[in-house]
Structure formats: C-alpha cells, structure tokens
Amino acid sequence: MSKKWLRTALMVSALVGGAVIQVDAETVLYVPQDDRPVSLKYTVETAEDAGFTVLTPPQNLISGKTYQGYADQMLDWVEQNAGRADVMVISTDSLIYGGLVDSRKHNIPMATLQARVKRIEAIKAANKHLKIYGFGTVMRSPRASGGGTEPAYYGDYGPTIFQIAALQDKMDAGTLTAEETSQLMALQSSVPVEYLQDWFDRRQKNMTVNRNLIDEVRKNVFQYFALGHDDTSSLSQSAMEGRYLTKYAKDLPITKYGSFPGADQLGLLLMARSRVDESSVQPSFEVIYPLGGAGKTVPHYEDQSIDKTIAQHVEAVGGTMTTSGKPDVLLAVNTPLTTTTGESEAFENFPMISNSTNAFVDRIEAALNQGVDVSVADIAYSNGSDNTLVGSFYKRGLLYKLGAYNGWNTASNTVGYAVAQGLLSKTMSPQGHKDMLTQQYLDNWAYQANIRKDIYRMQDTIRTDNVRYSGELNERLESYLGERIQDFAEKYLGIDPRTVSARFPWGRLFETDISVYDKPIAPLQKELRLQREAEAKAKAEAEAKAKAEAAAKLKAAADAAAAGKSATPAANTTAATPVGQ
C-alpha cells in the first residue's frame, strides 16, 4: 500500500446533520471481489484515510489478473480473524466463487456453493456482535468480452448469446413479436448447444445462490446486503434475473437490502454505510444537475435512469434525500445535454466553452463558498472524465476544494464512489483528502479521458499484440504511462511528480493503478527514459565506433595484403634475372 499510516482505536469527528459527532474508528475486516485497485487498493486507502483500520486476506488468496481466487481459504481466514474486527464488509462473490470473474467462469457444484453460503451464516452465529455488510452481483451479460473475463467461447459467440438473452427477456415480458420469435430460433441454432447450456446453467446457479443470500438477510446474518447488477442493459439476461430477484426480496426493507446497478463501487459504499450506522445520524444529500438530460439520463451499461440509481445509493449508505436547507453532501452529477452518455475516449471529449457547464460550475462554486461539502459524480462520459467540466475546475482553482470527485467506469460505479467518498472525506486529514483527490484526477481525468487514447494510437508500435483492452504489455508502454502521469501531475495538479506513480495492474489498457505518496520517493520516469536513451545512444555510438574501428582494421589489413601482393612478384623477377646478362 502507498498509504502512510494506519489508525487503530482513535476517535474521529465528523460534521453530520449540522452537529459534530464522535464515533470510534472501526476495525473493518474487508474481503474485496478481486485485487483491482478500485476493488482493493483505492477502497482500502480511502477507508484508512477516513480513520478505519482495514484487515484484508492475504493477496495470494484474492482473485487477480489470473482470475483465480480461493474461496475456501478466504473463508478460513475470515473465521480466524473475525474476532479482530468490529464490522465486516465482504464480497460474497469472493467467498462463494473465488471472485467476481470467477463467478462467471466456474464449474463448482451447487452443493459446494450452498455450503459456502452456510459458512457465512456460521461466521455470524459465532460472532454475534459483528455487523456484517455483504455485497454480491447478478451475473453480467455483456454484449461482448475479451481478455479471459468470460468463458472462452464468449469471444466468438458472446454477441449472439447477448442477442438471444435480450430476445428471451422480451419473451418473458410478453412483448416478443412473431418476427423476433423466428429471429430467436435462428440465433439459438447458430450457437453450439453445449455453450448455451454451459452459460445458462451457470446463471441458474448464480440465481440460486442469490436467493440463498436474500434468505440470509431475512435471518439477520447481514446488517445490510447490496446486490449489484454488473454491466447490464434494459434488455438482457441480467435485467430479467434482476426483476425476479427483486420480487423474491420484496418483503425486505430498504434499510436491510438494496439491488441496483454496479459492482465495483459496493465495497467502499458499504464501508461508508458502516460509518453511518456507527454514528446513528442519517446524512442528507441534495442532488444538482447541469442543463440537459439530468436525472432522466440512462447511462451506457445500465438499465435505468440515473436519478433512480442515485436514490438507491443514498438509501444503501443510510442517507436521506433533501431539497431544502444545507445538505451534508451536495452531490453534483454531471450529465450530458442528451439523455445518453458517451465514451470518454471519444473525439468530442475535449475542453470547450460550454454555457451549461459554466452555469453548473457556478452553482458548485457558490455552494463551496457557503461551506457546503460538494462531491462530484461526473457521468457525462463512461470510462473517464468530462474534459470540459474538469478543465473548468482547473481554471477556477476548484480541484482541491471539492469534497470528492469521481468520473470512472460506469455511472453507478462513479455514483457509489461519489456518495461514499463524499461522506468519508469528512474525517480525513488535509493530506489524506488531497491524496484521495489526486488519485482520482490522475486515474479518471489524466489517464482515462486523455492518456489512454494516446496509447491506443501508439499501440501498433508500443504493444506486443494488437488486442486493444487486454493482452501482454511491454515495459516501454508502462514507462510511457508513468511519465505521462507524472508530467500531468506536475502541470495540472501542481504536485511533485516524484510523489506519484502508475502501472497497469492487470496487464490491460482498461485500467491503471495510481499510487500517491507522502514523500517524493517515486523514480522520475522522464529521467529514467533520458538515462535509457543516453545509455542506448552511448551503446550505439560505442558499437558504431567499434564497428568503424574494426572496419578500419580490416581495410588496413586488406590494404597491407594488397600492397604485399604487388611487391612480391617484382622481387621474384629481379632475383631470377642472371647477373651481368
């Protein structure tokens, strides 16, 4: 970890509901869904900066870029360490399947999966004082996928399987036309039956496990359980399964159970929920939007409007919505002029003069001047920042005045982090708060919205393969990433470039791992590059010199040999001529 300190049993103060409250800093036993930075590192560092002590399983047990986690060993670790914690925040995908990606690819018997659910129940029975916050997912049904995050056949048949599931969703809703029925039959016959059987069998296991987990909520095993909808759309297998699970859980109160879009944000969201429960004070949120789609925006990769998603996240964190008075957190949600979001790498995502953005930033700045904590959820584009919005923050000197900023991956991921960090930032030290913002700006703004598209353009010369999002990445690419991140940090954030570093944690271009340090300890990538270039130049010059010297020696030897050949016959002729003749 790049963080500086761990806080143990100190007291932290937070301004919530207009009054200063005191809460004991919890020790949280945290099981992430995998070891990607958003799941593990960023979550843990945010929590530690906010005053938590965080216990996590050994790294070798957690699902990583090789996509294999060890569920039974993690359950063993949880059982052994439960007594050290005040609360638990656990990924049921990790403890039941091994991890998020493992849940999409496993061939684990149903009996084994259900036995692991029962082990979670037993952990609660053995530690009755523990509050357990759990989160799982409805298995995603993407339009396509690569990089080994789905079964191998999905690379060839994924788009067709997605179409089949979308039509089956319409059939379930009773809206499938005769023409679409024929289309469905044709699509089904085009995919090998064993692939369809494998995919739907695994989904059925996932559905059964999720019903079992909902039953565990009814038994009060979980203080709160969040079921995320991972990368879904309005017509999909995930959407259909989500509807059935919502019906199954209809008797559960919103204080105990929530089901909404997203997955990667859930660990941090539930960390914040545990803090809210500890304080016994409900934080209030007010939401503002710029001109345009606002709350009716339906983001990419999700199946509902953003206003509903925001409300569900506020409920999940234990907060309330307000439209009057001073909120504890003003959630400034940046939406596009239309009701559809774009991609941050798109050509049109460049800084420009925008009246709607300027008016939006005016409202944010006014709130900051009134002492309101503002957390920005930048969802105008998926997978990165809106350059016009963040450029405006930069020009007005607002970057480090915000309570939190997020603009990464899907809209629900961004909203979940914005809600959680907006609350947790209240108990951070000034340096911890600055580090959190720096990490998000360098990841969401610098890399996702800007550097990444430059790397795509360079991939033919830098990459070792032609796979866009995944594959083997060479050292030159990672070095280039690090240098660009450090340059950006110095130019736009005004911080020492030696206090940040970057790498590709899963060997793919889709995500980066940003480390922020208290001291300038990171190697300066520009200096390393110049050193490598100087060494390469010196080596090339030495090789050229050696080659030239060798060539000169060869030439000299050849000249000498040639001279010797021309001199020898003359000497022989003189010797053969009789004296006096």
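**Helix α1, strand β7 and the nonpolar cores**

Biologist: In this predicted model, which residue with a positive phi follows α1?

Modeller: The residue after helix α1 has a phi near 110°, a positive value. That residue is G51.

Biologist: Is helix α1 mostly covered or mostly uncovered, and how many of its residues are buried?

Modeller: Helix α1 spans residues 41-49 and is mostly covered. Among its buried residues are K41, E45 and D49, as well as Y42 and V44. The count of buried residues in α1 is 9 of 9.

Biologist: Why is strand β7 largely enclosed by the rest of the structure?

Modeller: Y224, A226 and G228 point one way from β7, while F225, L227 and H229 point the other way, and all are buried. Strand β7 (residues 224-229) is therefore largely enclosed, its buried residues numbering 6 of 6.

Biologist: In which sense does β7 pair with β6 and with β8?

Modeller: Strand β6 (residues 131-138) joins β7 over 6 bridges, with G134 opposite F225. Strand β8 (residues 257-261) joins β7 over 5 bridges, and F260 in β8 is the bridge partner of G228. The pairing of β7 with β6 is parallel, and with β8 the sense is likewise parallel.

Biologist: Which helix gives the largest share of the largest nonpolar core?

Modeller: The largest nonpolar core holds 127 residues, and I364, F393 and I485 have the most contacts inside it. The largest share of this core is 10 residues, from residues 430-462, which form helix α15.

Methods:
Residues numbered from 1 in each chain as written. Predicted model: local features only at pLDDT ≥ 70, side-chain atom pairs only at ≥ 80, totals over all residues. Heavy atoms only, no water. Buried < 20%, exposed > 50% of the residue type's maximum accessible area, 1.4 Å probe, protein only. Helix = DSSP H or I, 4+ residues; strand = E, 2+ residues; numbered from the N terminus. Core = buried A, V, L, I, M, F, W, Y, C linked by side-chain atoms within 4.5 Å. Pairing = 2+ DSSP bridges.
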